[in-house]
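Hi,

Here is the structure I said I would pass on. Have a look at it first, and my notes come right after.

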Amino acid sequence: MRDLLPALQARITSVVVDDTVASVPLAHRVRTLLPAAQWQTRQPEDPLPRDARTLYLKAFRGRFLRPCPGTSHYRCCGYHILHIGENCPLACSYCILQAYFDDPTLKVWANWDDLEAEVVTTLRAYPKRRWRLGTGEFTDSLALEPLTGMSAWLVELLSPWANVVLELKSKVADLSWLAAVRDPRRVLAAWSVNAPEVIAREEQGPRADLLQRLNAARTCAAAGVRVCLHFDPILFYPGWEQGYQQAVEAIADTLRPKDVAFISLGSFRGMPRLIASIRERFPQAQYAVAELVPGLDGKLRLLRPLRTRQLAFVAQLLRQAGFGDQLYLCMESDVVWQAVLGITPGQRGGLARYLEHLAFDTPNR
Ligand code: SF4
């Protein structure tokens, strides 16, 4: 996306870098690309930065590779998180990160040697396992890509592993990483999609609009990289039917079913802490003041009949457009699966296995 780097340059006013990673290539690259930012090298005893306009290049000491926690009692998709950093320069009203983290600092793990060592050791230990990895759990996979080049590096790092597929999930249209792709089967390019008015009203910051996302997806497909789309969260608001119809029409106008590995559908949901934060920080977010009921996992959701109606509506539109084979539901029960898709994950061998099949066995269908 042409104006993403200037937007990041305007947003990030200071950079803090841990002393042990102050000389790594990433630090040099960031320093060159953010010439106006104040620069501080942090010693272990120094206080941690806590500021949304600060980028913290951190020597991360935790686990880089970890199973996605999913949610209890509902069907989850069995992928592994490749942890690259925390927080995001975009501001979506519904963002789960506001409930995960008290601290708004943009963080990027800068000890790539440690990341590489852990990932390579783990992959070598399980050579027969098939891995679906994704970086979009605690940050947007590509929102800082013009600054860091981290996704391009990961794409190269993982491309020799035939048993690994890396999913890059984003709301920006940065495609700089595409030049690093050696084997398009090893990468899934994923975009969150939504009704155009939801994108306009509830997603702030330098995000791409729906058509920019879909055009980027089409470019990936033309390069042989399969696309994933995530309709998540589907929101309830007056006129939602037209909004989601417009979104599906845009998808059908831009992508062919064979370009798309899978499409997830997820109704808005969140722990009470997230809902309270949305209500406080985003007064325009009417969907968060609707009647929400706790599910078995403690998350608040729309009443099941309403959820089912919305999910079934979008699923039906996608089916009519030829995208029926790739659909799955995010964090829903068998009852809702049956009502929306007429099948349960168990009938497909389990959701994790089904998605593994779509990710690995159906290139360029
Ligand atoms: S793009 Fe994703 S991570 Fe960033 S604010 Fe929006 S929902 Fe949160």
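Below is what turned up, going from the sheets to the spaces, the ligand and a couple of backbone oddities.

One thing to keep in mind throughout: this is a predicted model.

**Sheets**

Let's start with the eight-stranded sheet. This sheet is open, its pairing is mixed, and its strands come in the order S4-S5-S9-S10-S11-S13-S14-S18. At the edges you'll find strand S4 (65-67) and strand S18 (327-329), each of which pairs on one side only. From one strand to the next, the twist averages 25 degrees. Helix H11 (residues 304-320) packs on this sheet, where it touches strand S13 (226-234), strand S14 (260-267) and S18. The direction of H11 makes about 160 degrees with that of S14.

If you want a pair to zoom in on, try strand S5 (residues 80-82) and strand S9 (residues 131-134): they run parallel and are joined by two bridges. His80 has Leu133 in S9 as its bridge partner.

There is also an open sheet of three strands, ordered S15-S17-S16, and its pairing is antiparallel. Strand S15 (269-270) and strand S16 (292-294) each have a single partner strand, so one side of each is left without a neighbour in the sheet. S15 and strand S17 (residues 300-302) are held in antiparallel pairing over two bridges, and Gly270 is matched with Leu300 in S17 as its bridge partner. As a general reminder, strands of a sheet pair through backbone hydrogen bonds, either parallel or antiparallel.

**Cavity and pocket**

How many cavities of 30 Å³ or more are there? The count comes to one, and the volume of that largest cavity is about 100 Å³. It is lined by 13 residues, and the closest to its centre are Ile84, Val108, Thr139, Asp140 and Leu144. Strand S6 (85-86), strand S8 (106-109), helix H5 (145-148) and helix H6 (150-158) each supply at least two residues of that lining. By class, the lining of the largest cavity is made up of four nonpolar, five polar and four charged residues.

The second largest pocket may interest you as well, with about 170 Å³ of space. The elements giving two or more residues to its lining are helix H2 (25-33) and helix H4 (112-125), and the largest share, three residues, comes from H4. Among the lining residues of this pocket are Val24, Pro25, Leu26, Arg61, Trp112, Asp113 and Asp114. The class split for the second largest pocket is seven nonpolar, two polar and three charged residues.

**Ligand**

Which residues sit around the ligand? They are Cys88, Leu90, Cys92, Cys95, Leu97, Asp140 and Lys171. By class, that shell has five nonpolar, no polar and two charged residues. Asp140 appears both in this shell and in the list of residues closest to the centre of the largest cavity.

**Backbone details**

Two spots to check if you set up any calculations. The peptide bond from Asp232 to Pro233 is cis, with omega near 10 degrees, and Pro233 lies in strand S13, one of the strands that H11 touches. The other spot is Asn87, which is not a glycine but has a positive phi of about 75 degrees. Asn87 belongs to the loop between S6 and strand S7 (91-92), and S6 is one of the elements that supply lining to the largest cavity.

Shout if anything is unclear.

Cheers

How values were computed:
Residues numbered from 1 in each chain as written. Predicted model: local features only at pLDDT ≥ 70, side-chain atom pairs only at ≥ 80, totals over all residues. Heavy atoms only, no water. 1 Å grid on protein atoms, 1.4 Å probe; cavity = no way out; pocket = protein on both sides within 12 Å on 5 of 7 lines; lining within 4 Å. Points joined across faces, edges and corners; volume = space filled by probe spheres on them. Helix = DSSP H or I, 4+ residues; strand = E, 2+ residues; numbered from the N terminus. Nonpolar A, V, L, I, M, F, W, Y, C, P; charged D, E, K, R; others polar. Near = heavy atom within 4 Å. Pairing = 2+ DSSP bridges. Axes fitted to C-alpha atoms, helices over the stretch in contact; angles between N-to-C directions. Contact = heavy atoms within 4.5 Å.
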